[in-house]
Amino acid sequence: MFGFAARKILHTLFVALGVVTLVFAALRLSGDPAATMLPGDASVDELRDLRRALGLDQPLWAQYLGFLRGAVTGDFGTSFRHQQPALPLVLERLPATLELAGAALLLAVAVALPLGVLAAIYRGRALDVLAMGFAVVGQATPYFWMGIMLILIVSVELGWLPTSGRGGLERLILPAITLGTHFAASLARLTRTSMLEVLGQQFVTTARAKGLSEWSVILGHALKNAAVPVVTLIGLQFGTLLGGAVVTETIFAWPGVGRLAVQSIFVRDYPVVQAGVFVLALTFVFINLVVDLLYGVLDPRIRRE
Amino acid sequence: MSSRSLPWAVVLPAIPVLLAVAIALLAPWIAPHSPTAGNLAARLKPPAWQDGAIPGRLLGTDLLGRDALSRLMWGARISLLIALAATLIGATVGSVVGLVAGFHRGAVDAVLTKVIDVQLAFPFVLLAIAVVAVAGPSVPVLVIVLAIGAWVGHARIVRGLVLSLRERDYVQAARALGARAPRIIGRHLVPEVLSTIVVLATFDVGRIIILESTLSFLGLGVQPPTPSWGSDLRDAAVYVRQAWWTAAFPGLAIMAVVLAVNLLGDGLRDWLDPRTVRGRRES
């Protein structure tokens with residue numbers, strides 16, 4: 001287990017370095033940040049001063065090293081709009097994003113697992129068709145449209161729940177549904193496929209032949225073995241939820257990292273965009289590490305890879 | 001494969017997809033009004049079946065009095081164009097990289113695997129935000145960003161396939177006979193992986209339509225006044241209380257097209273049977 005954990009941590013460090021490099025490449029190679037940050041009527045002198053202040057007049061490798069140093073020490077520069085260091089601004093909002101993503105994850109798992117299992121048991125029957133219909137439609141619905149429609153129907157027409165902000169369960173429900181639906185749809189499909197595969201295997205037949213009740217066959221034998229791909233998807237998808245949170249936060253005015261990053265683009269608050277992208281990306285990498293380590297605990301075969 | 005007739009699971013979803021493509025291509029001729037010419041006297045008019053509708057505006061008008069149906073048709077044009085272009089670029093680059101890396105192994109392959117690992121360890125929306133924050137939002141930037149999001153999936157899956165194909169007897173035989181890499185890849189490997197690429201690319205189109213509309217909704221994609229489903233929804237979200245139709249129809253259009261494309265992908269997968277593509281990959 002120790003060797004396995006060490007390998008995974010080393011791999012994660014490597015990936016983290018890669019992610020930092022990718023962020024650097026995306027931010028520096030796709031244009032001139034100084035030109036993006038200044039208003040259109042800025043003079044050549046202003047541009048030169050800003051480029052110097054941001055270190056953009058240095059060669060690329062020096063900029064990269066500076067960026068790495070900044071990433072390690074947590075120094076992404078000062079927000080123009082808030083006049084404070086960018087990183088604390090972002091970290092302040094991280095709990096809100098994690099709360100939203102966590103709620104969406106819980107909601108999706110709570111709905112999708114039973115739905116997928118039941119659809120597999122009642123394969124071809126009304127329940128299966130209905131559940132898979134829901135899943136297919138859910139996968140085709142963009143987050144943001146789902147959010148707008150929920151606000152329109154549940155908040156505006158019915159007046160049941162508030163439309164925006166954070167605080168209390170009633171403000172969490174709609175954003176969590178918005179963010180969780182897409183994930184619930186793919187999870188339900190995968191759970192069904194995985195269950196169907198396992199239900200056709202010999203050990204299930206054996207368990208039935210032993211005279212076990214159908215439910216103990218399903219819950220005790222089948223579900224346990226169908227769980228590996230399902231748990232894999234749950235782990236992998238948490239990162240996707242962080243990406244989706246960017247959109248959901250914007251619609252519901254949820255004070256998270258994603259909304260801050262998007263708003264910062266429009267006010268050209270470049271250090272905050274940089275810090276926001278960086279923090280979300282590293283959160284994702286870290287969560288993947290935790291999921292990987294959990295596998296090692298759950299399934300000893302993986303450790304030998 | 002050619003001897004089998006097309007199954008219904010492919011034909012049925014293909015009909016709405018082709019219909020959407022036809023509308024996109026014919027928008028300049030079949031749209032009843034200009035998508036950009038507004039009429040401030042006819043702002044936020046509801047669809048034809050509601051009270052207060054005005055004649056000739058089947059799906060109502062938006063905040064600037066522009067015809068909603070015409071914008072929907074022109075929106076199909078830009079959304080499908082971007083999705084198809086990005087898919088084509090992503091699928092081509094990804095497949096070529098996957099073929100070469102899987103076939104030659106070695107250092108190229110090792111580097112590629114790491115690059116794939118890194119990009120998959122990174123929510124795509126964040127990469128898009130970082131690029132658009134600096135490069136500024138425009139259609140070419142959008143296509144490139146979306147293609148960057150799509151190539152990894154192809155590279156990873158094609159590489160995996162080629163790794164096992166290259167050990168097959170007929171490939172080894174071709175090698176023993178002195179065939180060079182380009183010939184083996186072109187004559188023996190490409191035909192084997194083509195159906196997988198087609199299925200993957202179909203799912204990509206659906207995924208990319210959603211991603212494009214999402215970025216446009218955030219203001220990071222197609223910019224007004226160009227009609228696009230995502231950027232129209234950005235405006236519509238602001239006054240959805242007064243005019244539900246401005247928000248409902250572009251979203252339904254996205255949903256209908258993506259649903260049809262995804263079902264087409266499912267149908268193609270079952271028909272062409274590439275076992276490597278398991279379920280729909282997520283955005």
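**Figure 1. Helix H6 of chain A and its surroundings.** At 1.5 Å a residue, the 15 residues of H6(A) should span 21 Å, and the end C-alpha atoms of this helix are indeed 21 Å apart, so the two values agree. Everything shown here and in the other views comes from a predicted model. Along H6(A), the buried residues are A:Ala131, A:Ala135, A:Gly138, A:Gln139 and A:Ala140. What do these buried residues pack against? Within chain A the partners are helix H5 (86-121) and H8, and chain B adds helix H9 (244-272).

**Figure 2. Chain A as a whole.** Stepping back for a moment, we find 13 helices and zero strands in chain A. Read from the N terminus on, its elements run α-α-α-α-α-α-α-α-α-α-α-α-α. The C-alpha atoms of this chain fill a box of roughly 85 × 55 × 30 Å along the principal axes. Chain A has 305 residues, and 40% of them count as buried. Looking at its contacts with a separation of 6 or more, 70% join residues 24 or more positions apart.

**Figure 3. Helix H1 of chain A, with a look at A:Arg7.** H1(A) is made of 28 residues and reaches 40 Å from its first C-alpha to its last, close to the 40 Å expected at 1.5 Å a residue. Its buried residues are A:Val15, A:Val19, A:Val20, A:Leu22, A:Val23, A:Phe24, A:Ala26 and A:Leu27. A:Arg7 is found in H1 of chain A too. How many other C-beta atoms lie within 10 Å of A:Arg7? There are 14, and because a residue needs 20 or more to be buried and 12 or fewer to be exposed, A:Arg7 is partly exposed. Now look for A:Arg303: this residue is 296 residues away from A:Arg7 in sequence, yet their C-alpha atoms are 9.7 Å apart in space.

**Figure 4. Where helices H10 and H11 of chain A meet.** Two packed helices are described by the angle between their axes and the distance between the axes. For H10(A) and H11(A), the angle is about 80° and the axes are 7 Å apart. Angles of 65 to 115 degrees count as roughly perpendicular, and therefore H10(A) and H11(A) are roughly perpendicular to each other. On the H10(A) side, look for A:Ala245, A:Val246, A:Glu249 and A:Thr250. They meet A:Gly258, A:Arg259, A:Ala261 and A:Val262 in H11(A). The residues of this contact divide into four nonpolar, two polar and two charged.

**Figure 5. The meeting of chains A and B.** Here 49 residues of chain A are in contact with 40 residues of chain B. On the chain A side, the elements that give two or more residues are helices H1 (2-29), H2 (33-37), H6 (126-140), H7 (143-157), H8 (169-199), H10 (214-252), H11 (257-266) and H12 (270-298). Which helix gives the largest share of that side? The answer is H10(A), with nine residues. By type, the chain A residues that touch chain B are 34 nonpolar, 14 polar and one charged.

**Figure 6. B:Ile129 and the largest nonpolar core.** The largest nonpolar core has 171 residues, and A:Val23 and B:Ile129 touch the most other members. A:Val23 may be familiar from the view of H1(A), where it is one of the buried residues. Leaving out residues up to four places away in sequence, B:Ile129 touches A:Ala261, A:Val262, A:Ile265, A:Val273, A:Val277 and B:Leu220. Two of these partners, A:Ala261 and A:Val262, also appear in the contact between H10(A) and H11(A).

**Figure 7. Chain B, and B:Gly75 within it.** Chain B holds nine helices and zero strands. Its C-alpha trace spans about 75 × 50 × 30 Å along its principal axes. Of the 283 residues in this chain, 51% count as buried. For contacts with a separation of 6 or more, residues 24 or more positions apart account for 73% in chain B. B:Gly75 lies in helix H2 (residues 68-104) of chain B. Is B:Gly75 buried or exposed? With 30 C-beta neighbours inside 10 Å, B:Gly75 counts as buried. Not counting residues up to four places away in sequence, B:Gly75 touches B:Pro227, B:Ser228, B:Trp229, B:Asp232 and B:Pro250. The C-alpha atom of B:Gly75 is also separated by 8.1 Å from that of B:Thr226, although these residues are 151 residues apart along the chain.

Note on methods
Residues numbered from 1 in each chain as written. Chains lettered and ligands numbered in written order. Predicted model: local features only at pLDDT ≥ 70, side-chain atom pairs only at ≥ 80, totals over all residues. Contact = placed C-beta atoms within 7 Å. Helix = DSSP H or I, 4+ residues; strand = E, 2+ residues; numbered from the N terminus. Nonpolar A, V, L, I, M, F, W, Y, C, P; charged D, E, K, R; others polar. Expected span 1.5 Å × (residues − 1). Axes fitted to C-alpha atoms, helices over the stretch in contact; angles between N-to-C directions. Parallel < 35°, antiparallel > 145°, perpendicular 65-115°, else oblique. Core = buried A, V, L, I, M, F, W, Y, C linked by C-beta atoms within 7 Å.
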